[in-house]
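Hi,

Here is the structure I promised to pass on. Have a look at it first, and my notes on what turned up follow below.

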Amino acid sequence: MAFFIIVRRLWQGLTSTLFDVLIHIGLLIWDVLLTLFNHVVPKRSVGRVVKEGRAGFGGKWPEYIPPGEGDSRCSCPALNALANHGILPHDGRNIKFTELGRVIQDVYNFAPTFGFFGPKHAADFLSRDYWKDSLDLKDLDVHNNIEHDASVTRLDTFQETDQGKIPQDLIEEVLTCGTGPGGQLVEADISRLMGKRRVEAKQANPEYSLSLFHKLFGSWNCSTLLRIFGGNVQDLRVILGEERLPDGWEPRFRRKMGLTILEFNFTVLPVEFSVKEEVDGSIAEAGRDRYLGNHADAKKTE
């Protein structure tokens, strides 16, 4: 009996790994093809980035209703805005992973590959079936899934367990750091702001952690401020501060098949690798005084 259990477990592990590899290879090929297609066909017209018949066509968004008691919200302002407008269920609950992917494609003009990758990663992290299962928005705030330390729009979980709360002081920092025309955000602003937040977060949070994956994921999130929202601080004040889509707003990325993972990384990688605090010692130094203080206290008690 034990022999058959061992064989079965080995087989399940092998087939599961092989299936995941095939999915990622297929996703990569699909994404490259969509990127190439985007560059040989005309862009969507201004005013028609959101497809006709979908919520937000022509910049006309469903009524905005702030979240109420018991509604589920998360650390992602863009997803919360979808629920606040009723494009996702207003209570933020029982959302199919597949539906989440479709909606972010429709509203924010992400490519189908992007719409698959994000929700599939969340489903895998939560040990759920992407094709069959659902989530509440708050489920995304399992620490180091979608939510991560040193976000530019949220306090760390160590400081604030309710990641649906909007820290207006952090939002104001985002809105006032722009050096582009009219104070608009550009890549260098995002890199500078992320470096500052990483130092501050590590200094304030004794449980601070930020893996390479989550550094890149944070850069993904921040880069949407540029590629999808165009760095426009007037729009971002509403989107980040109220988690509402402004009247008349539409995605600034207008390519036919939406923003692909490949094309997005041409913004994400320069933003991430321009964070100077990662190489000048600022992050390594942050929080060291706390450790030295604890070490000194321990020596005194010996």
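A good place to start is the salt bridge where the side chains of E200 and K196 meet, at 2.5 Å from N to O. Before you read anything into that distance, keep in mind that this is a predicted model. Both residues sit in helix α6, which covers residues 187-204, and they are 4 residues apart, or about one turn of the helix. Are they buried or exposed? E200 is partly exposed, with a relative accessible area of 30%, and K196 is partly exposed too, at 35%.

That pair also belongs to something wider. Salt bridges that share partners join D156, E173, K196, R197 and E200 into one network. Across the whole structure, the search finds 25 salt bridges, and two others are worth pulling up.

One is between E278 and K215, whose closest N and O atoms are 3.0 Å apart. This pair links distant parts of the chain: E278 is in the loop between α9 and α10 (282-285), K215 is in helix α7, and 63 residues separate them. E278 counts as partly exposed, at 29% relative accessibility. K215 comes out at 19%, and because the cut-off for buried is under 20%, K215 counts as buried.

The other is between D280 and K276, whose side chains meet at 3.5 Å, N to O. Here D280 is partly exposed, with a relative accessible area of 41%.

While you are looking at the network, find S151 as well. S151 is in the loop between β2 and α5 (168-175). Which residues does S151 touch, leaving aside its neighbours within four places in sequence? The contacts are D156, L170 and R197, and two of the names in the network are D156 and R197. S151 counts as buried, at 13% relative accessibility.

Right beside it in the numbering is A150, in the loop between β2 and α5. Its backbone caught my eye: phi of A150 is near 65 degrees, a positive value in a residue other than glycine. For context, most residues other than glycine have a negative phi. A150 is buried, with a relative accessible area of 7%. E243 has a positive phi as well, about 55 degrees, and is not a glycine either. You will find E243 in the loop between α8 and α9, where it is buried with a relative accessible area of 3%.

Now for α8 itself. How many residues of helix α8 (residues 233-241) are buried? The count is 7 of its 9 residues, so the helix is mostly covered. The buried ones are V233, D235, L236, V238, I239, L240 and G241. What covers them includes α2 (77-84), α5 and α7 (212-227).

On to the rings. The structure holds 13 aromatic pairs. In one of them, F116 and Y130 have their ring centres 5.0 Å apart and their planes at 75 degrees, so the pair is edge-to-face. F116 lies in helix α4 (residues 112-125) and Y130 in the loop between α4 and β2 (134-135), so the pair ties together parts that are 14 residues apart in sequence. Both F116 and Y130 are buried. Elsewhere, ring pairs link F110, F114, F117, W220 and F264 into a cluster. There is also a charge to look at: R244 lies over the face of Y64, at 6.0 Å from the ring centre.

Last, turn to the surface. V21, I25, L28, I29, V32, L33, L36, L262 and F266 make a nonpolar patch of about 850 Å². Which elements give two or more residues to this patch? They are α1 (2-38) and α9 (261-273). The largest share, 7 residues, comes from α1. F266 has its place in helix α9, and this residue is exposed, with a relative accessible area of 63%.

If you would like a short tour, begin with E200 and K196 in helix α6, move to S151 and its contacts with D156, L170 and R197, and finish at the nonpolar patch that includes F266.

Cheers

Note on methods:
Residues numbered from 1 in each chain as written. Predicted model: local features only at pLDDT ≥ 70, side-chain atom pairs only at ≥ 80, totals over all residues. Heavy atoms only, no water. Phe/Tyr/Trp six-rings, centres within 6.5 Å; stacked < 30°, edge-to-face > 60°. Buried < 20%, exposed > 50% of the residue type's maximum accessible area, 1.4 Å probe, protein only. Lys NZ or Arg CZ within 6 Å of the ring centre and 35° of its normal. Patch = residues over 30% accessible without salt bridge, like charges linked within 9 Å, V, L, I, M, F, W, Y side chains within 5 Å. Areas by Shrake-Rupley, 256 points an atom, 1.4 Å probe, with all protein chains shown as cover. Salt bridge = Lys/Arg side-chain N within 4 Å of Asp/Glu carboxyl O. Contact = heavy atoms within 4.5 Å.
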